[in-house]
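User: Could you walk me through how to read helix packing and aromatic contacts in a model like this?

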Amino acid sequence: MYRILIVDDEPIIVNSLYQLLQESSHLEVEVYRAFNVYEALDCLKQIRMDIVITDIRMPGMSGIELHQQIIQSWPRCRVIFLTGYNDFDYARQAIRSGGVVDYVLKNEDDHIILAAVEKAITELDQVEDGADYMHQAKKKLQLAIPAMQKNTLFDLMREQSLTPKERVKRFIEAEIPLLPDKGVLLVTGRMDGWKEGANDVDRTLLIYACQNIAEEYLAPSVVSVSVVYESTKLVWFMQPKELLDEGQDEEQENRAWQHMKTRVYGIMEAVQQSCRQLMKISISLVMGRESIEWNHIGAQFHYLKALLGHGANSGHELLIQDTDRFGLHSEQGHHHDLHKSQQINKQLELLEQYMSSGQRDAYLKLYNDIMNPDELPGYKFQLELFYAASLHLISYAIRMGLFHELFLKMDLGKTTQYDVHESWLDASAYLARVADYLLAQYEPVPEEQSDRLIHTIHHYIQDHLDGDLSLTMLSTVVHHSPTYLSRLYKRVTGSMLSDYITEERMKRAKKQLTETSMKIQEIASLVGYEAAPQFNRIFKKMFKMTPQAYREWFLAAHEMNNATDVKESKNGK
């Protein structure tokens, strides 16, 4: 049923139209009356009107001015003007502004007026049908978007050869707010404990609630998309929000990534705690170490998924970040002995060196020392150590291209899940068998391959003197552990990698000092130093003078050489 308002300063017109519409039984309408524009405005403020029949000329406000007020409040409202013979041109002006269905003479026959009303109702029916259709379509689209995003992202994991242009198109279609030409950080999660008696609907709602909690924590600084897979698991795809700002240079992007990576662990820890406190549900989380290119997300996802495991860990939440050896946070409210954890970390680094160099006997001896149950302070520490050792083995297998071959021979579940083992001795013995298999595949790195690796590192350093050249970053370039890279570089070149970086930075600095008029601070930034004092100190240590003194000395020497050349040229004549 539609509402109609009749507006005219002549009561006889208002009442006659009111009676006409009331007696027209084929029209499903509710009719209101107003005897001046002010009554009409009061009525329109309180009640939504679908059709207004109004005189085009009235005291205080014209029908056209009233029409402008109407479309501001009720843009779908249809207006029919009542006019005199001399008002047709005037009325035509109003029709151009939209919403006007018709204009009729006040002395027209009733069927002309009713035809105008029926025309307005027909237009409204079309608008309502279209609006309802669009509303339903949008509602269904909103419901479908998570599925579209999941399909698109999981397709990317399988279709690693997509061109950047194809990826952009897929992102737009699925309304994925991430940048397809930038890297992405992955986090996987698993719901570990459900309320007793929870059915599928309850579980779906709880997962959705956890996604919303994570979005609330991430939104201020992170752009993310999360999707559900295997019913109880989640994966987040994340980028720093600053990347959306136009005009970001490489240094600003690197800082944005670094800022996000340092915050993600704390953010996801807060998400875990909120889910536990508010939703009474446990969630385990595994976070990637570094951002990766979209073409490589498949391998990263399966790696994190393997670390997460397939089943719940007996109610014990996990919060894992592969760079931290799973840190000191694997259970709420409890921190392991810091000195013990640091000692284990150093021993695990040594294990990596033994594995990378194929020293089987040294590896197994140290492994047995680390896994000695008499040295471990209970289940909580065992859990941390198991996952740290598991990550060390899987990481090596992936780095050496042995991942798929390894898990054709060994059980991935037993390698990544502590609680599937009957005891600590069983768990540590199984990881020892995995290690023994990997050690059996060891092949010494040819000298030629070592040289190529050093060449790759040198080339990367020369191209990124103003960026992050930490050992951790460089190790990702050649897919080796930082410790292994450092030792290999020293063995092959006879010098420290850090010394080479400093030498290249100073070489570039000298070139800028002598060939440009750049400020010292600008040169410092160009060669990778955030602060000029640090740059000055290192430069002076290497060249026995400050950068400014070197520039002045070079310019003086250059001028003296020019003067000498001119003098010799004259003498030669």
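**Rings and helices, step by step**

Analyst: Happy to! Keep in mind that this is a predicted model. Let's begin with one ring: Phe 154 counts as buried, because its relative accessibility is 15% and the cut-off for buried is under 20%.

User: Which ring does Phe 154 pair with, and how do I read the pair?

Analyst: A pair of aromatic rings is described by the distance of the centres and the angle of the planes. By this rule there are twelve aromatic pairs. In one of them, Phe 154 meets Phe 301 edge-to-face, with centres 5.5 Å apart and 70° between the planes. The partners lie 147 residues apart, Phe 154 in helix α5 and Phe 301 in helix α9. Phe 301 is buried too, at 2% relative accessible area.

User: How are the rings of Tyr 550 and Trp 553 arranged?

Analyst: Their centres are 5.8 Å apart and their planes stand at 35°, so this pair is tilted. Both residues sit in helix α22, three residues apart, about one turn of the helix. They also belong to a cluster linked by ring pairs, with Tyr 529, Phe 535, Phe 539 and Phe 543. Arg 505 lies over the face of Tyr 529, 5.5 Å from the ring centre.

User: And how do I read two packed helices?

Analyst: Two packed helices are described by the angle between their axes and the distance between the axes. For α2 and α3, the axes come within 11 Å and cross at roughly 10°. That makes α2 roughly parallel to α3.

User: Which residues of α2 and α3 meet?

Analyst: Ala 40, Leu 41 and Leu 44 in α2 meet Leu 66, Gln 69 and Ile 70 in α3. By class, this contact has five nonpolar residues, one polar and no charged ones.

Methods. Residues numbered from 1 in each chain as written. Predicted model: local features only at pLDDT ≥ 70, side-chain atom pairs only at ≥ 80, totals over all residues. Heavy atoms only, no water. Axes fitted to C-alpha atoms, helices over the stretch in contact; angles between N-to-C directions. Helix = DSSP H or I, 4+ residues; strand = E, 2+ residues; numbered from the N terminus. Parallel < 35°, antiparallel > 145°, perpendicular 65-115°, else oblique. Contact = heavy atoms within 4.5 Å. Nonpolar A, V, L, I, M, F, W, Y, C, P; charged D, E, K, R; others polar. Phe/Tyr/Trp six-rings, centres within 6.5 Å; stacked < 30°, edge-to-face > 60°. Buried < 20%, exposed > 50% of the residue type's maximum accessible area, 1.4 Å probe, protein only. Lys NZ or Arg CZ within 6 Å of the ring centre and 35° of its normal.
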